Each structure stands twice: as C-alpha cells, then as structure tokens.
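Notebook open, model loaded. I want to look at how the two chains meet, then at one of the sheets.

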Amino acid sequence: MRASDVFGLPVVTINGGDDVAEIKDVVFDGTNHRLVGFTLNKRGWFRGKLRRQLPAAAVVAIGPDAVMVADDSDLEDPEVPLAQAETHVVTGNRVISADGSNLGSVSGVVITTGDAPEAVGYEVDGDDGNAYFVPISAQLALSDDNLLIPESSTDFIRNDLVGFGAALADHRRALDAAAETGASESTGGTDT
Amino acid sequence: MITTFTSAIGRNVVDSATADDVGSVKTIVVDQEGRRITGIQVAGRKRHAQMVDWGDVDSFGEDVVLISSKRAIHEPVEERTADTVKGDVHYIGSRVLTVDGAELGRVKDVHFDTDTGEVIALMSDSGRVEADRIRSLGTYAAVVES
C-alpha cells in the first residue's frame, strides 16, 4: 500500500486492545530506500504530536483499519528524534529511466503491510499523466535531484498497485537469478 | 451453564446469607485478556459504583445472582474496573479488530460459563469468535486472531 494510506490510522496494542497513538507520518531513509518507522500523534480530542515513535521493526501488521503492535512498550522514546525532513528527501525528485528519458517525479513510497513493513517501491507521477510504480532495488541511484532507474528494473514498472505486487516478486526472482548466474560464472572460471 | 451478557444484565442480585435484595447486575467486568469475568457491578440505591468480585458470587443463576454477603460489595479499586464502570472498556458494542489490523464489526453479545466465569465466545457482526482467538479487550477494541 502507499505509505500515505497509513496516515491517521490508530496504533492498537494486541495485548491490551488500547489505541495508544495514531500514525502521523512515515520516516523514510531515502539514501538506503528504507522504511525506518512512523512518527505519531496522540489519540482523542486533544490531538498533538507524540514524542514517541514507532520503529518499523516493531509493527506486527498494517491493516485497513489499524496498525497493530504487540505492546505499548514497542513505541520508542528516541534519544535522537529521527529527522522529519528525511521523509521528504525523495519526493519531488526527477525519475530518469535507463535510456535517459524523463519519466516523471517521485510522489510517494509504497510499503508492505505485514510483519516489520518495508519500503518496496516508489510511486511516480508520470509526465504523461499516468502514475507509475517503480520497484526499489539496490541498483537504484539516488541524488538530491534525481532517481535513476537501472535497466534491470525497467521491465517491472507498473501502472497499478495490484499488478505491482506481482511485478515485485518477479523482480526479486530476476535479481536472484542474475546473482546466481554471476556466481556460477565465477566458479566456472576457477575450474579452468 | 452457559449464558449471555445481554441476558445476565438486569438479573437481581441477592445476599445469600440474609436473602436481602441488593440490586441488579449493571455491568460485567472482564480481564485484560478478555477471557475471564473478574467481577460484576451492582446497580442499587448507592450513588457510587458497587462492585462484587467474581469470587464472592456464589451462584450465577438463571433468574438471580447470589452473592456471599452484602459486605462483599466494595467500590472499584483497580483501574480496569474503574474503566469498565465509566464505560471505557465494555464488551457489548466494542469493535472487533484482528491482529492483522482489520475490523470485523462490533460485539453484539458474549457467551460465558456461569460456573467458572470464563468467556466462551463473542458474537460479532461477522459471526462467532471462540474464546481461544481472543487476545485482549481494551479501550479501543477486542483484539482477536484472524
């Protein structure tokens, strides 16, 4: 799902059945394409920023109606609050394809919803008016201005989130296969 | 015997030693795990909330709830009991939320064992939830295994 779909969801403890916070924003490490966690708001009438944060690793599940954590103690009171600015480093960046054409600009982050959610893709606001979903891989090159999509990922760009899920699995398999081929070639080299 | 929360509420509460009417069942307090009744609130003439621990309930009968003695009645002491009396924690009407974060509607009724005080199952908008699937009952929801 889009990371932005999580905003405003209650954070509920499985062991207590209490709503201990609600999701304010995602904390995303743009350099490593990694979901770090979530900043939180208080619940109830007197909403306001909560100092405590929710690390991605502590999330048990992200559902349509709530973000589930085991216990209230899973919310961390960070020594060094994660910079809010980090969440926006990527959005707005130009997205450039391997053949050097402009695809559009980054509009959001796609995350998985299960145990310890991860960032798996970028949502791109296409210059042609369409939305695109680009799988995250180690080969993505990112600067302050641009996101460069490697050729290996080009085939796995999709227009819809549903198709993107299947494309992600294919993308991982393709990367694994490439890694294996590389390994067997080097083994072949030592044999001769 | 197995009975339901909705039918249990309103039953007369009687002191088994003196046979005096004490009041009627107002609310039923369940532990944080959502599996066991810890006490009942008695609606009577007193202004403050009157609680009876489950251990002081001699017999949870079809028509009448017998308690060991009027002296067993006390004001809420635990935070959880206070939350229940205030209405913050309440099975009937509570959201049902799976551990995956999906809502399954609301709790319409609860089946429990009148001998042991154990919850047997929840009746929700989307069907029956057996007690072994219940993870907790809190201020926001009853959390259940999916």
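I started with polar contacts across the interface of chain A and chain B, keeping in mind that this is a predicted model. The rule gives me 12 residue pairs in polar contact, with both residues at pLDDT 80 or more.

Next I looked for salt bridges between chain A and chain B, and I came away with zero.

Which elements of chain A give two or more residues to the side that touches chain B? I noted β1 (10-13) and β5 (59-62). β1(A) gives the most, with three residues. Sorting that side of chain A by class, I got eight nonpolar, five polar and four charged residues.

Then I turned to the extent of the interface. I have 17 residues of chain A in contact with 16 residues of chain B. The two chains bury about 1,100 Å² between them, and 54% of that is on carbon and sulfur atoms. For chain A's share, I wrote down Ile14(A), Gly17(A) and Asp65(A): they supply 36% of the area chain A buries against chain B, more than any other three residues.

Last stop, a sheet in chain A. I traced six strands in an open sheet with mixed pairing, in the order β10-β9-β8-β7-β12-β11. Why do β10 (131-135) and β11 (141-142) of chain A each have one side without a neighbour in the sheet? They stand at the edges with a single partner strand each, so one side of each stays free of a sheet neighbour.

Inside the same entry I checked β7 (residues 94-96) against β12 (residues 146-148), both of chain A: they run parallel and are joined by three bridges. For Ile96(A), I found Leu148(A) as the bridge partner in β12(A).

How values were computed:
Residues are numbered from 1 along each chain as its sequence is written. Chains are lettered from A and ligands numbered from 1 in the order in which they are written. This is a predicted model: local features need pLDDT of at least 70, side-chain atom pairs count only at pLDDT 80 or more; totals for chains, interfaces and linings use all residues. Side-chain values use heavy atoms; hydrogens and water are left out. Contact means heavy atoms within 4.5 Å. Buried area is the accessible area (1.4 Å probe) that two parts lose on being put together, summed over both. A salt bridge is a side-chain nitrogen of Lys or Arg within 4 Å of a carboxyl oxygen of Asp or Glu. A polar contact is a pair of N or O atoms within 3.5 Å; within protein, one must be able to donate a hydrogen and the other to accept it, and residues adjacent in sequence count only if both atoms are side-chain atoms. Helices (H or I, at least four residues) and strands (E, at least two) are DSSP runs, numbered from the N terminus. Ala, Val, Leu, Ile, Met, Phe, Trp, Tyr, Cys and Pro count as nonpolar, Asp, Glu, Lys and Arg as charged, and the others, Gly among them, as polar. Two strands pair if DSSP finds at least two bridges between them.
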